Amino acid sequence: MKKNKLTLILIVVLLVLFLPLSISSFILHKKYTTPVVINPKREFKFENKLYFYRGNNLLGTYDCENFNDFCDYASTKEEEKKYILKEPESLGGRLSLINNRFAFLIDSPTSKLNEAPVLLYDLTRNNVIGSYKEIKNYGIGLDKDYYIIKNEKDLWGVMTFNDGIELALPFNYEFIGINNSLSENGLLNSNIFVAMKDNEWQLFDSKGQELSPVFKSEIYNYDNHYIILDDIDGMKFMNYQGEAVFNGRYQYLDFSEDNPNYLYVIDQANNFYIYNLRTRNAITDPHYVSSISDVRVVEENGRLRLYINDVLIENVVVNQDLIDDNDLDVDIG
C-alpha cells in the first residue's frame, strides 16, 4: 500500500515537470511548421483539378479525366440562323460559374472535342448531374440564369438556375429561341420563349405556360401583346389569342427598336408607313420603297423624321410638348 502511494506521488511529480514542456513543444511545432497549401496561387486549373473560387474562398473542385487535353468550362457555339425568328446574333463564348454552385464543363480528349458532351456539374454534391449536347445563351446571357439546352436526343429545353435547378420547358422541341429584347440588367429577357415542334410554332412564358395557340407559320417577332408571323404569301399580325389584328398580308412587318408603340409596315404594293399601336392609326403617309433597307426613321425633339434613300420625305409631330420653339418645321416640298 505504501509502495503504491509512492508510485502515485512520483507520477504526479513527473506530470508537473514534463507536461508544460510537452505543451510548449506542441505550440512551437504548430507555430513554426509550414502549413500545406493546396493550389497556392488559386489557379482555376491545377494538378489535374479545376478549382472554383469566390474571391479567396474555395467553393469546390472537379477532378479532370483529361487534364492535359481539354478540361474547362463549356462554351456556347456560334450558330447559323435556320429560322426567320428575329433572335439575337448567336455568339460563341466561354460559360462561367452559375450561382456559385453549378458549372457546364467539357472534359474530353482533344481528338474527340467536337463530339464531347457538355457536363452539368454540381459543386455542392461534387458530382455530374446531367450530360447535354449544346448550350445556348447567345453569348450575352439570359436574365434570371436561364439557359436553352439541347439534350443527347437533339431536342431542346430550357433550364433555370435562379433557385436551384428547374426545367422551365421540357426537352420536347426541335428549336427554342427568344427575340432580341434586353432587360434592365443588360441581359436578354427570358420571359417569353419561341418553341417549334413538328413545324408548329408557339409562345411560352418562363414557367412553361402556353401564351399563344399553335401556329403553322413561323414566328418572326413578338412583343407582350402581338405576334408577327411569316407565311409563304406574306406576313401576318396576330394577337395572343391567335386572331388577325390586320386584315390581309404584308411584305414586311416589324416593331420599331426605338419606340415599342410603332410598327413598321410595307404593304403588298411596296408602300411603307408607320402605324402607332397605342393610338391605332397610321402616323405617316404611305411611301413607295423597294425594301425596308431604303428606310431610316429618326425620332427627336417631339418629331418623327422619315427618310427614304436618305431623303427626308416626311416630318411628323408626335409630341407637341417636346418641340422646341426654335425648332422650325422642315419644308420637304
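Strands here are DSSP runs of E at least two residues long, numbered from the N terminus. The model is a predicted one. With that convention, the protein comes to 1 helix and 27 strands. Of its 333 residues, 42% are buried. Take the contacts with a separation of 6 or more: 34% of them join residues 24 or more positions apart.

Start with a small piece of the strand architecture. β1, β2 and β3 form an open sheet, in that order, with antiparallel pairing. β1 covers 45-46 and β3 covers 57-63, and both stand at the edges. Each has a single partner strand, so one side of each is left without a neighbour in the sheet. In general, strands of a sheet pair through backbone hydrogen bonds, either parallel or antiparallel. β2 spans residues 49-54 and is joined to β1 by 2 bridges. In one pairing, F46 has K49 of β2 as its bridge partner.

The loop between β1 and β2 holds E47. Its backbone deserves a look. Most residues other than glycine have a negative phi. E47 is not a glycine, yet its phi is positive, about 45°. The side of the question that concerns solvent is simple: E47 has a relative accessible area of 60%, over the 50% cut-off, so E47 counts as exposed.

D198 repeats the theme elsewhere in the chain. D198 sits in the loop between β15 and β16. Its phi is near 55°, again positive in a residue other than glycine. D198 is exposed too, at 56% relative accessibility.

Now go inside. The largest nonpolar core has 29 residues. Within this core, I176, F193, I219 and Y222 have the most contacts. Several strands each supply at least two of its residues: β11 (146-150), β12 (156-160), β13 (166-173), β14 (175-177), β15 (192-197), β16 (200-205), β17 and β18 (226-231). Which strand gives the most to this core? It is β15, with 5 residues.

What does I219 touch, leaving out residues up to four places away in sequence? I84 and L85 are on the list. So are V194, W201, Q202 and L203. I227, I228 and L229 complete the set. A second, separate core has 28 residues, F246, F255, L277 and V316 among them.

K236 shares partners with I219. K236 is found in strand β19, residues 234-239. Is this lysine buried or exposed? Its relative accessible area is 19%, under the 20% cut-off, so K236 counts as buried. Beyond its neighbours within four places in sequence, K236 is in contact with I227, I228 and L229. Its other contacts are S217, D231, R249 and L253.

Next come the pockets. The largest has a volume of about 650 Å³. Its lining takes in 22 residues, and N179, S181, Y222, D223 and P260 lie nearest the centre. β17 (218-222) and β20 (252-255) are the elements that give two or more residues to this lining. By class, the lining has 6 nonpolar, 10 polar and 6 charged residues. Y222 links two parts of this account: Y222 is among the residues with the most contacts inside the largest core, and Y222 is also among those nearest the centre of the largest pocket.

The second largest pocket holds about 370 Å³ of space. It is lined by 18 residues. Nearest its centre lie K77, I106, L113, N114 and A116. β4 (70-73) and β10 (134-136) each supply at least two lining residues. This lining divides into 10 nonpolar, 2 polar and 6 charged residues.

Finish at I323. This residue lies in the segment after β27, which covers 311-317. At 15% relative accessibility, I323 falls under the 20% cut-off and so counts as buried. Which residues is I323 in contact with, leaving aside neighbours within four places in sequence? They are N301, G302, R303 and V317. E300 gives a sense of the fold here: I323 and E300 are 23 residues apart in sequence. In space, their C-alpha atoms are 8.8 Å apart.

Conventions: Residues numbered from 1 in each chain as written. Predicted model: local features only at pLDDT ≥ 70, side-chain atom pairs only at ≥ 80, totals over all residues. Heavy atoms only, no water. Pairing = 2+ DSSP bridges. Helix = DSSP H or I, 4+ residues; strand = E, 2+ residues; numbered from the N terminus. 1 Å grid on protein atoms, 1.4 Å probe; cavity = no way out; pocket = protein on both sides within 12 Å on 5 of 7 lines; lining within 4 Å. Points joined across faces, edges and corners; volume = space filled by probe spheres on them. Nonpolar A, V, L, I, M, F, W, Y, C, P; charged D, E, K, R; others polar. Buried < 20%, exposed > 50% of the residue type's maximum accessible area, 1.4 Å probe, protein only. Contact = heavy atoms within 4.5 Å. Core = buried A, V, L, I, M, F, W, Y, C linked by side-chain atoms within 4.5 Å.
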